[in-house]
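Here are a few exercises to work through with the model open beside you. Try each task on your own before reading its solution.

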Amino acid sequence: MNGKIDLHAHTNASDGKYSPAQLVRLAASNALTLLSITDHDTVGGVLAAQTAAQEYPSLKIIPGVEISSHAPGNEVHILGFFIDIDSPVLMRQLAALSDSRRDRAHAIVEKLHDLGLDISLERVYQLAGEGSIGRPHIAQALMEKGYVSSFQEVFVRYLGQGCPAYVERVKITPDEAVELVLRSGGLPVLAHPTTISDAETLIIRLTERGLVGMECHYKDYTPAQRNELAAMARRHNLISTGGSDYHGIDETTEVMLGEASVPAECAENLILAARERGIKLPSYMD
């Protein structure tokens, strides 16, 4: 497989800056040949990205999602590749997660008001547009008001876990997230495992539930981290994947789309696994 690949990117269907068509255009201009749309708890941007990619014959889109889940002391994200975006099971669960996101946004804004940070819920909804509302939209509102100077600062001071404006929300368990991806016809992969304490114990359990891969080549991981994670993946017969986790919101700190140095074999192995499991691939990938 030639060209750059990126198996983790976001559009404004969730908390990214760019529309699916704009992200596809950016991917094509950056010489990507394979891109997965993995918005948080929504597949609303997948079809639009697939349609936009028809203008770029060398660029293929993998339908995906990033599902939020919770384990004790950890927020765990499960990527789902080649999912059926029309799956009724998936639609019901994502709708419930979307409702939880709205409730959380209301509670966070109230906490920020108590801290003397005056942002409006209306502005947060404007920034989210038709997408799934998330903390990055609140971060944007805080940056607009000049309360913080960077996207990263928002999460370190206010919105990260354990910070004064952090609000937990209803989440499913990692086991349930893996099962949801499988029931939706997809391949479940653990996202950014270094954010999880005692990740290998969780990986062992989720592998028994049907986990097929883990993200070893994640945006700014060092070569040593990548090698260590790839070795862990091999120990548990998991596919290594990777991506930039590109949102486009803070260009000064983000790794650019397609610049996470993801080896081509990651995509090749993912596609092979889908075929071996009889998962229906998009017609343009046959």
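The radius of gyration used here is taken over C-alpha atoms, and the globule rule is 2.2 Å times the number of residues to the power 0.38. The model is a predicted one, where local features need pLDDT of at least 70, side-chain atom pairs count only at pLDDT 80 or more, and totals for chains, interfaces and linings use all residues. Residues are numbered from 1 along each chain as its sequence is written, and side-chain values use heavy atoms, leaving out hydrogens and water.

**Exercise 1. Overall form**

Task: compare the radius of gyration of the chain with the value for a compact globule.

Solution. Start with the rule: for 286 residues it puts a compact globule near 19 Å. Next, take the value for the chain, 18 Å, which agrees with the rule. Then look at the extent: along the principal axes, the C-alpha atoms fill a box of roughly 55 × 45 × 40 Å. Finally, turn to burial (under 20% relative accessible area with a 1.4 Å probe, protein chains only; exposed is over 50%, partly exposed in between). Buried residues account for 57% of the 286.

**Exercise 2. Strand S3 and its partners**

Task: find the strands that pair with S3, and give the sense of each pairing.

Solution. First, the elements: helices (H or I, at least four residues) and strands (E, at least two) are DSSP runs numbered from the N terminus, and the chain has ten helices and seven strands. Two strands pair if DSSP finds at least two bridges between them. On one side of the search, S2 (residues 32-37) runs parallel to S3 and is joined to it by four bridges; here Ser36 stands opposite Ile62. Then comes S4 (residues 74-81), antiparallel to S3 over eight bridges, with Ser69 opposite Val76. In the hairpin of S3 and S4, two residues lie between the strands, and Gly73 has a positive phi near 80°. As a last step, check the cover: S3 (residues 60-71) has ten of its twelve residues buried.

**Exercise 3. The setting of His217**

Task: decide whether His217 is buried or exposed, and list what it touches.

Solution. Begin by placing His217 in strand S6 (residues 213-218). Its relative accessible area is 13%, so His217 is buried. Now collect the contacts (heavy atoms within 4.5 Å). Leaving aside residues up to four places away in sequence, His217 touches Arg226, Ser240, Thr241, Gly242, Gly243, Ala260, Ser261, Val262, Pro263 and Cys266.
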